[in-house]
Amino acid sequence: QVQLVESGGGLVQPGGSLRLSCVASGSIFSIDVMAWYRQAPGKQREWVATRPSVGSTNYADSVKGRFTISRDNAKNTVYLQMNSLKPEDTAVYYCNAVVRHRVTMTMGNYWGQGTQVTVSS
């Protein structure tokens with residue numbers, strides 16, 4: 001019903017920057033919340049940042065001051081600008097969206113397939 005497609009991952013040196021994008025498509029009336037999560041090798045998936053349609057953004061302490069989440073509602077797109085990257089930021093980054101579907105007006109929670117971010121010299 002709804003698809004999320006991430007892009008923008010890659011290999012970057014410590015201190016570098018990357019910008020991730022996530023586009024939502026399908027049966028969408030509105031998107032209440034868009035967020036980013038990440039999962040490092042051997043670790044559980046962890047929350048990174050949230051951008052609701054109404055209200056303020058929130059960040060995990062580990063990325064506060066370095067990462068910025070933003071949305072383009074007209075394009076159903078969420079971005080994650082990552083600056084001052086550290087090796088410990090290495091992970092697969094996943095986009096998450098809480099969507100209200102067209103026609104039925106039911107809610108759904110969706111995940112993208114993930115994009116790899118590797119921070120290494």
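**Fold, core and charged pairs of the predicted chain**

In the protein chain, 57% of the contacts with a separation of 6 or more are accounted for by residues 24 or more positions apart. The structure is a predicted model. The chain contains eleven strands and zero helices, and its pattern along the sequence is β-β-β-β-β-β-β-β-β-β-β. Its C-alpha atoms fill a box of roughly 50 × 25 × 25 Å along the principal axes. The radius of gyration is 14 Å, which agrees with the value near 14 Å for a compact globule of 121 residues. Of these 121 residues, 42% count as buried.

The largest nonpolar core has 31 residues, and those touching the most other members are Leu 4, Trp 36, Val 48, Phe 67, Leu 80, Met 82 and Tyr 93. At least two core residues each come from strand 1, strand 3 (18-26), strand 4, strand 5 (46-52), strand 7 (67-72), strand 8, strand 9 and strand 11 (115-119). Strand 9 gives the most, with five residues. Beyond its neighbours within four places in sequence, Leu 4 is in contact with residues including Cys 22, Val 23, Ala 24, Cys 95, Tyr 110 and Trp 111.

Glu 6 is located in strand 1 (residues 2-7). This residue is buried but has no salt bridge. The nearest side chain of opposite charge belongs to Arg 45 and is 7.6 Å away, which is beyond the 4 Å limit for a salt bridge and therefore does not count as one. Polar atoms of the Glu 6 side chain instead lie 2.7 Å from the backbone nitrogen of Cys 95 and 2.8 Å from the backbone nitrogen of Gly 114. Residues up to four places away in sequence aside, Glu 6 touches Ser 21, Cys 22, Trp 36, Tyr 93, Tyr 94, Cys 95, Gly 112, Gln 113, Gly 114 and Thr 115. Among these contacts of Glu 6, Trp 36 and Tyr 93 are also listed as core residues that touch the most other members.

Side chains of opposite charge can pair when their charged atoms come close. Four salt bridges are found in the whole structure. One of them joins Arg 38 to Asp 89, with the closest N and O atoms 2.9 Å apart. Arg 38 lies in strand 4 (residues 30-39) and Asp 89 in the loop between strand 8 (77-82) and strand 9 (91-100), so this pair ties together parts that are 51 residues apart in sequence. Both Arg 38 and Asp 89 are buried. Salt bridges with shared partners join Arg 38, Glu 46, Arg 66 and Asp 89 into one network. Within this network, the side chains of Arg 38 and Glu 46 meet at 2.6 Å, N to O. The relative accessible area of Arg 38 is 5%, whereas Glu 46 is partly exposed at 36%. A salt bridge is also formed by Asp 61 and Lys 64, with the closest N and O atoms 3.1 Å apart. Asp 61 is exposed, with a relative accessible area of 67%.

Ser 84 is placed in the loop between strand 8 and strand 9 and counts as partly exposed, at 41% relative accessibility. The C-alpha atom of Ser 84 is separated by 4.2 Å from that of Gly 15, although the two residues are 69 residues apart along the chain. Apart from residues up to four places away in sequence, Ser 84 touches Gly 15, Gly 16, Ser 17, Arg 66 and Asp 89. Two of these contacts of Ser 84, Arg 66 and Asp 89, belong to the salt-bridge network.

Note on methods
Residues numbered from 1 in each chain as written. Predicted model: local features only at pLDDT ≥ 70, side-chain atom pairs only at ≥ 80, totals over all residues. Heavy atoms only, no water. Helix = DSSP H or I, 4+ residues; strand = E, 2+ residues; numbered from the N terminus. Buried < 20%, exposed > 50% of the residue type's maximum accessible area, 1.4 Å probe, protein only. Lys, Arg positive; Asp, Glu negative; His and termini not counted. Polar contact = N/O pair within 3.5 Å; in protein donor to acceptor, adjacent residues only side chain to side chain. Contact = heavy atoms within 4.5 Å. Core = buried A, V, L, I, M, F, W, Y, C linked by side-chain atoms within 4.5 Å. Rg over C-alpha atoms; globule rule 2.2 N^0.38 Å.
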